[in-house]
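Colleague: I would like to learn how to read a model like this one. Please take me through it feature by feature.

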Amino acid sequence: MKARVRIDRDYRIGEVDRRLFGSFIEHLGRAVYGGIYEPGHPFAEGRGFRRDVLDLVRELKVPVVRYPGGNFVSSFDWEDSVGPVESRPRRLDLAWRTTEPNTFGLNEFMAWAKEAGTEVMMAVNLGTRGIDAARNLVEYCNHPGGTRWSDLRRSHGVADPHGIRLWCLGNEMDGPWQVGQKSAAEYGILARETAKAMRLVDPGLELVACGSSFQGMPTFPAWEATVLDLCYETVDYLSLHSYYGNRSDNIGEFLGASVGMDSFIKSVVATCDHVKAAKRSKKSMMLSFDEWNVWFHTDSEDRHRDPWTVAPSLLEDVYTFEDALVVGCLIIALLKNADRVKIACLAQLVNVIAPIMTETGAAAWRQTIFYPFLHASLYGRGVSLDLRVESGSYASAKYGEIPWLEAAAVFSGSGTAAAVADGAADLPGGELTIFAVNRSPTEAMDLEASIGGYGPLRVLESIEYAHPDLKAVNTAANPDRVIPRHVGGTGGGAAGYGAVGSGGARVEGKRLSVRLSPLSWNVIRLQTAKDVRTGGDTL
């Protein structure tokens, strides 16, 4: 099987916002208790934060984490989660029918986020609460002092404001499962007025309004149009949520999930731009895809849990290699829409539909989906390029024609925001990274890429992630059963990867050639020299 790709410096989609590689921690199952926080565990530090989990989160370089929900936030009283731990009330969490002890709360999470090297995307309760609770929470978190709520924070031992910039205005407010479900008009007005009040407390906030809970909702996309009609000029982002599964055990259709994600994004963009035109606005609405992942493995068992326990095992999907391939395809779909999707959160981070898993008494380990997310977070920051792809395709009842090749490319040079943020503004050239998935279950793919606009190219590294068993998983007992391997280049041999193989990508002049194994995720990193068109190395 053959495929061709044309890559050129001038074919650009847009700058990849670093927050595209965010994640999510909700007070759900063992995400918090037994996940990021477990006092008494052999790997816990003095505050109860698990050091092994922190190490893996830092490895992923997660730039932002959404908190505390999710469905949980729609009946959450934030005041319960601050102050002396012994004085905090235990509450019934109506979202997941568990008991929330509130022994880990807002200030603990902010301290954990600082240790993890990540920013926080805070959600406010617009289900059972509203404007008053939201403005008070902003004052508690962000005002320096001298007022009721900022002084309360200081009395809790936090002298400096948290300075949280990014906020979600509720969660999935059109969902009948949501406590405080609202119509589009009800929510649009509430979001507008809440945004107004929050910005009066702190004008520098970035605010995310709720889109439909998922594309299959009967409210989609009329919900988006009505909500934005009411709050377009007072918010900065509109949220999208989507999860994907393989309940019919059809690998071809499952791998087409990224085609569905791309269509979903473009539908929301079209709706946003329609509202922009109707309002004669100069602002383009950006998107926050703040819940996405594979989620289906635990559907049946999660229906039979005893209610009102503390931190039960919920949504603990054990991910297979085929799930990792789909996650890779979904990441590529996000990169291909980087001009409008500026924030994305893999849901979630630890234990709950997560790349990181823990067990009491054992070290945390990386699930199969950890690796594509890691590669994208490390090498997907820069400018997303608009590829010209020639590939065969196959038919899918759900998604239509699905190309055998799913691919994206990102360039990071000294003139890109990603390079400047990473302290690499003095690079002599830049780095071009190609992410590619061969969807064929039986045939290797000979991929040829013609690359224009850059000086001489050199293969830094070629990574292949493949496995003969699509259902293979990593476990605490065998955490390295499914791992990537270096197959060429000068950057191979990193710890935690398979042995360096032979072959991999090859460059001759401006042409790259590489053989992609059947059902494989591939990362090809190229060093670029000075830009031959301008003498510089920027886009």
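**Reading rings, strands and sulfurs**

Modeller: Start with a charge over a ring. The charged end of arginine 66 sits over the ring of phenylalanine 24, 4.7 Å from the ring centre. Keep in mind that this is a predicted model.

Colleague: Which residue lies over the face of phenylalanine 370?

Modeller: Arginine 366 does, at 5.6 Å from the ring centre.

Colleague: Now rings with rings. How many aromatic pairs are there in the whole structure?

Modeller: A search finds 20 aromatic pairs. One of them joins tyrosine 37 and phenylalanine 104. Their centres are 5.1 Å apart and the planes make 50°, which is a tilted pair.

Colleague: Where do tyrosine 37 and phenylalanine 104 lie?

Modeller: Tyrosine 37 is in the loop between β3 (22–24) and α1 (51–60). Phenylalanine 104 is in the loop between β6 (98–100) and α2 (106–116). The pair therefore ties together parts that are 67 residues apart in sequence.

Colleague: Is each ring buried or exposed?

Modeller: Tyrosine 37 is buried, at 13% relative accessibility. Phenylalanine 104 is buried as well, at 0%. Ring pairs also link Tyr37 and Phe104 with Tyr33 and Phe49 into a cluster.

Colleague: What does an edge-to-face pair look like here?

Modeller: Take tyrosine 243 and tryptophan 295. The distance is 4.9 Å centre to centre, with 85° between the planes. Planes over 60 degrees apart count as edge-to-face, so this pair qualifies. Tyrosine 243 is in strand β10 (residues 237–244), and tryptophan 295 is in the loop between β11 (286–294) and α9 (321–335). The pair thus ties together parts 52 residues apart in sequence. Tyrosine 243 is partly exposed at 24% relative accessibility, and tryptophan 295 is partly exposed at 23%.

Colleague: On to the strands. What is the general idea?

Modeller: Strands of a sheet pair through backbone hydrogen bonds, either parallel or antiparallel. In this model, eight strands close into a barrel, with parallel pairing. The order is β3-β4-β7-β8-β9-β10-β11-β12. From one strand to the next, the twist averages 30°.

Colleague: How many bridges join β3 to β4?

Modeller: Two, and the strands run parallel. As an example, serine 23 has valine 65 in β4 as its bridge partner.

Colleague: Which helices pack on the sheet?

Modeller: Among them is α2, which touches β4 and β7 (119–124). The direction of α2 makes about 155° with that of β7. Helix α8 (residues 257–279) also packs there, touching β10, β11 and β12 (341–346). The direction of α8 makes about 160° with that of β10.

Colleague: How do I read a single residue, say serine 75?

Modeller: Ask for place, burial and neighbours. Serine 75 is in the loop between β4 (64–67) and β5 (91–93). Serine 75 is buried, with 18% relative accessible area. Leaving out residues up to four places away in sequence, serine 75 touches Asp93, Leu94, Ala95, Asn125, Thr128 and Val179.

Colleague: Last, the sulfurs. How many disulfides are there?

Modeller: A disulfide is a covalent bond between the sulfur atoms of two cysteines. The count here is zero. For cysteine 210, the nearest cysteine sulfur is that of cysteine 168, 7.3 Å away.

Colleague: Why does cysteine 231 not bond?

Modeller: The closest cysteine sulfur, in cysteine 210, is 9.6 Å from that of cysteine 231, so the two are too far apart for a bond. Cysteine 210 is buried, at 3% relative accessible area. Cysteine 231 is buried too, at 1%.

Notes. Residues are numbered from 1 along each chain as its sequence is written. This is a predicted model: local features need pLDDT of at least 70, side-chain atom pairs count only at pLDDT 80 or more; totals for chains, interfaces and linings use all residues. Side-chain values use heavy atoms; hydrogens and water are left out. Rings of Phe, Tyr and Trp (its six-membered ring) pair if their centres lie within 6.5 Å; planes under 30 degrees apart count as stacked, over 60 as edge-to-face and the rest as tilted. Helices (H or I, at least four residues) and strands (E, at least two) are DSSP runs, numbered from the N terminus. Buried means under 20% relative accessible area, exposed over 50%, partly exposed in between (1.4 Å probe, protein chains only). A charge sits over a ring if NZ of Lys or CZ of Arg is within 6 Å of the ring centre and within 35 degrees of the ring normal. Contact means heavy atoms within 4.5 Å. A disulfide is a pair of cysteine sulfur atoms within 2.5 Å. Two strands pair if DSSP finds at least two bridges between them. Axes are lines fitted to C-alpha atoms, for helices over the stretch in contact, and angles run from 0 to 180 degrees between N-to-C directions.
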